[in-house]
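Work through the exercises below with the structure open beside you, and try each task before you read its solution.

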Amino acid sequence: MAWTRFSKKKDMPGGLWIKCDDCGAMLFRKEFEARHRVCASCGYHFTLPGRERIRLTVDEGSFEELFDDLVAEDRLGFVDRQPYGEKLAATREKTRENDAMIVGTATIQGHPCVIGVMNFQFLGGSMGMVVGEKISLAIETAREQGVPVILFSCSGGARMHEGAISLMQMAKTCAALSKLRAAGGFSISVMTHPTTGGVTASFASVCDLLLAEPGALIGFAGPRVIATTIKKELPKGFQRAEFLLEKGQIDRIVARDEMRGELARLIAYATGAPFRLDETLPTPEARVAGSNGRESQAGPAGASGPAVDSAAGGDDAAPGDASRKARSNGRRKPAAAARKS
Amino acid sequence: MTEHKQADTQQNGLGFERPLLEMEQKIEELKRLAQSTHLDLSGEILALEERLRTQTAEVYGNLSAWEKVNVARHAERPMTSDYIQTMLDDFVELHGDRLFGDDRAIVTGLATMGRHRFMLIGHRKGKTVKDRLACNFGCAHPEGYRKALQKMRLAERMRLPVVTFINTPGAYPGIGAEERGQAAAIATNILEMFDLSVPIVSIVIGEGGSGGALGIGVGDRVGILEHAYYSVISPEGCAAILWKSGEKAPEAAEALKLTSGHLLQHGLVDEVIPEPLGGAHRDPQGTIQNVRSRLETWLDELTALPSEELKEQRFRKFRGMGLPVHAAELAGS
């Protein structure tokens, strides 16, 4: 079942080749990474580690991390097959992160914002006291600085090991959003694969704008729970981003390579700042063709002249949506259509 | 008590009730015998009743988390409909979310209780099999949460406080629920409740099942009945995920610290409302009376507050739940 896809370690193997979880295509690892973990064959968006998400989204060198020293405590003395305290310590050691949330200030094509990214590598991106607190602090920082807040979710939901404390993080994050809204602030939620449970049922669903990556699993209950409850097979594409768009639950689906430009544009609409229609990320082809595999991030939009890489788009030079569509066509099959399960 | 009921208790995790039920049955028999034979058995009956009291106190004073979950789920535990019938002087049910339908898993309406008037919003589980099916066993769909919000906004316009009764295993996980935005409906309620300018009092009267409970649970005062529970996930669900076996639900219930005492200790509820000896199902009237008296106090306190202060206190309470520590503090401990 699709649900198990992201929990396997096989999306980070040591070998040269990677098998696409979705279409089964063999992907050359370097190219796969250069494409920021998007399958070249079917467009499937693999879960992106939190730090990589930030690198991919914000202007190079602009990210200043905040509240990174917050850590969770095992207040319940929770023991399943291992005490939660030990599990936390081991995960901190393994991931070199203090918890499942990274927040800070940054600029996106020159537009200042507060960004928060859930890190699925840390206990499935589950929301406990640290995640809830950092999301709330991120929202409050945005309110104080008068800039938009962008929250990327990627989470299995609330962290069971913190019991009802983690449940109340749903209320805490919504409390912060309520204050932001009253103060006239602006928030954007980007739901990525997977976003479920208490995360979907709190801040991620009530930001001003709701975006999703193609093919992302987004829902309240996990598909397994639903299938068990109703004792029926779930319809094709159920709970995928495309399904949510069709049901009117989200504003837009944005592909990973277009997220940065799209966010810059949306922030500009929210803040009234000017933006340039030709400022979007270069195409993946341009990146792969580039000498180093890893491209340099485009400079701040406020600077003179066009973004560094925008010329690399070649004949995709048409501005705005037109060029976006032109780039999407033919290269990327809609993820849902290509999905088997 | 019937044998049928005793068989039930074994299946639904209420095995600890068995000796109590047997003793209750014996007392009933003695009373009947006394009546039919005109023998004076009052001494024996009194002694048995005393023993029953002691044993009930002992059993209920030492319930495990899992046993409490099963008390919270007890079929004879007073439900929202019982509170409506017994506690209120008047109730005008109001239907519908104005968008899709009328979810019977959540009942809403205008209520009068003595000198207090309020908007009552409560999960409804149903008493009979037919009722239970109609109410979907207390598992609301998005339209239930949207109905609740629509009535909360109405209460605000009418300057009436909101009282919510929480008693749900959880919001319903189904295809239609997902299609219509279950997560968004709950999230919207939580967000909007912070913005509501009238007092909100929430009481967990049975099961506080995760987001489905919190979706009507952002209260200025949150009370929980002594043997009710409030949890991030059902013990069965937690056991299935972390223990890879639904049969480990008792262990999961223990680990989740979902009982009223623990919730109070962690500052997640404001007060535990005591239940009569032997649980709410033994004395629904007594239970409802306890709830009523807390409600009256809270409504008196809250209606005296200006709405801005009310909202600010509500914000501060939930904003302060589960504060993490700094890494340096952890290393030092």
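A residue is called buried when its relative accessible area is under 20%, exposed when it is over 50%, and partly exposed in between, with a 1.4 Å probe and protein chains only. The model is predicted, and local features need pLDDT of at least 70, side-chain atom pairs count only at pLDDT 80 or more, while totals for chains, interfaces and linings use all residues. Residues are numbered from 1 along each chain as its sequence is written, chains are lettered from A and ligands numbered from 1 in the order in which they are written, and side-chain values use heavy atoms, with hydrogens and water left out.

**Exercise 1.** Find the phi of A:Phe67 and of B:Arg98, and decide how accessible each residue is.

Solution. Begin with the general expectation: most residues other than glycine have a negative phi, and most peptide bonds are trans. A:Phe67, which is not a glycine, has a positive phi near 55°. This residue sits in the loop between strand S3 (64-66) and S4 of chain A, where strands (E, at least two residues) and helices (H or I, at least four) are DSSP runs numbered from the N terminus. Because its relative accessible area is 27%, A:Phe67 is partly exposed. In chain B, B:Arg98 also is not a glycine and has a positive phi of about 70°, and its place is the loop between strand S1 (90-93) and strand S2 (106-113) of that chain. With a relative accessibility of 60%, B:Arg98 counts as exposed.

**Exercise 2.** Locate the cis peptide bond that involves A:Pro194.

Solution. The cis bond joins A:His193 and A:Pro194, and its omega is about -10°. A:Pro194 belongs to strand S8 (residues 187-196) of chain A.

**Exercise 3.** Explain why strand S6 (residues 221-225) of chain B is largely enclosed, and name the strands that pair with it.

Solution. First count the buried residues: five of the five are buried, so S6(B) is largely enclosed by the rest of the structure. Next look at the two faces, where B:Arg221, B:Gly223 and B:Leu225 are buried on one side and B:Val222 and B:Ile224 on the other. Then turn to pairing, which requires that DSSP finds at least two bridges between two strands. Strand S5 (residues 200-209) of chain B pairs with S6(B) in the parallel sense over four bridges, and B:Val201 stands opposite B:Arg221. Strand S8 (residues 271-273) of chain B runs parallel to S6(B) and is joined to it by three bridges, with B:Ile224 opposite B:Val272.

**Exercise 4.** Describe the contact between chain A and chain B, starting from its residues and ending with its paired strands.

Solution. Taking contact as heavy atoms within 4.5 Å, 58 residues come from chain A and 50 residues from chain B. The buried area, which is the accessible area (1.4 Å probe) that two parts lose on being put together, summed over both, is about 4700 Å², with 70% of it on carbon and sulfur atoms. In chain A, A:Met160, A:Met168 and A:Phe220 lose the most area to chain B, together 15% of what that side buries. A salt bridge puts a side-chain nitrogen of Lys or Arg within 4 Å of a carboxyl oxygen of Asp or Glu, and the count between the two chains is five. One of them links A:Lys179 with B:Glu312, whose closest N and O atoms are 2.6 Å apart. Finally, S4(A) pairs with strand S9 (residues 325-326) of chain B in the antiparallel sense over two bridges, and A:Val71 stands opposite B:Val325.
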